[in-house]
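Good morning, colleagues. Please take a moment with the sequence and the model on the screen; I shall then go through one residue, its sheet and a few charged pairs.

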Amino acid sequence: SEMNYFFGIKSHNTVVFDDLEPMPRISRFLFGNWPKSNKIYSGTNKNNQIFFETSYTCKYGYHSRKIITSINGKNWIIEDFISGYKNMAILRWRLIASEWIIHENVIENKIARIKISASKVISSINIVKGWESEFYDSKNEIDTLEIKLEESPSKIITNIVFK
């Protein structure tokens with residue numbers, strides 16, 4: 001249902017393990033089995049870049065994310081380390097409405113270039129239709145980038161450069 005989509009993990013910019021919801025629904029707005037998250041680290045590195053890093057564990061896998069950006073915000077590197085899943089993991093990035101061109105592991109439009117790389121074989125990179133809801137009783141179709149891997153553990157690097 002739409003409610004399951006919008007409340008579920010598939011509508012977020014994150015990794016889904018084995019196509020399973022990490023938090024079962026108890027009632028309309030209450031979820032169980034909350035993932036165990038670790039401390040958030042942030043600061044600046046030796047290259048004068050800003051970074052944030054955190055991780056969580058759920059019963060289907062482990063996910064850590066590190067975000068590194070330049071001071072001017074034109075270059076973003078997102079490092080996702082994932083492990084513990086059985087068959088596959090899908091990283092989803094919800095994209096702005098635009099004419100996206102996908103060529104192998106590069107996704108590009110007029111304003112940004114996104115390059116995907118991984119420590120293991122990437123099974124597929126596709127742009128699929130998804131939904132966004134900015135307020136109740138409203139939904140818009142959006143493009144969603146899906147990166148699928150089947151080997152665990154793996155590190156996925158998303159490099160976004162704004163032109």
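I125 is buried, because its relative accessible area is 15%, below the 20% cut-off for that class. Please bear in mind throughout that this is a predicted model. The residue sits in strand 13, which covers residues 122-132.

Which residues does I125 touch, once its neighbours within four places in sequence are set aside? They are I102, E104, N105, I107, I116, L145, E146 and I147. A further distance may help you to orient the view: from the C-alpha atom of I125 to that of H103 is 9.4 Å, and these two residues are 22 apart along the chain.

Let me turn to the sheet. Strand 13 belongs to an open sheet of four strands, ordered 1-9-14-13 and paired in antiparallel fashion. Strand 13 and strand 1 (15-17) are the edge strands, each pairing on one side only. From one strand to the next, the twist averages 25 degrees.

How many bridges join strand 13 to strand 14? There are ten, and the two strands run antiparallel, with strand 14 spanning residues 140-149. One position to look for is N126, whose bridge partner in strand 14 is E146. E146 is also among the contacts of I125.

The side chains add a link between these two strands. D143 and K129 form a salt bridge, with an N to O distance of 2.8 Å. D143 lies in strand 14 and K129 in strand 13, 14 residues apart, so that the pair links distant parts of the chain. Are the two partners buried or exposed? D143 counts as buried at 14% relative accessibility, whereas K129 counts as exposed at 56%.

The model holds six salt bridges in total. Another of them brings together the side chains of D80 and R65, at 2.6 Å from N to O. D80 is in strand 8 (residues 75-83) and R65 in strand 7 (residues 61-69), so this salt bridge ties together parts that are 15 residues apart in sequence. D80 is buried, with a relative accessible area of 0%, and R65 is buried as well, with 17%.

A last example is the salt bridge between E150 and K148, where the closest N and O atoms are 3.8 Å apart. E150 counts as partly exposed, at 44% relative accessibility. K148 is likewise partly exposed, at 25%.

Thank you for your attention.

Notes: Residues numbered from 1 in each chain as written. Predicted model: local features only at pLDDT ≥ 70, side-chain atom pairs only at ≥ 80, totals over all residues. Heavy atoms only, no water. Buried < 20%, exposed > 50% of the residue type's maximum accessible area, 1.4 Å probe, protein only. Contact = heavy atoms within 4.5 Å. Pairing = 2+ DSSP bridges. Axes fitted to C-alpha atoms, helices over the stretch in contact; angles between N-to-C directions. Salt bridge = Lys/Arg side-chain N within 4 Å of Asp/Glu carboxyl O.
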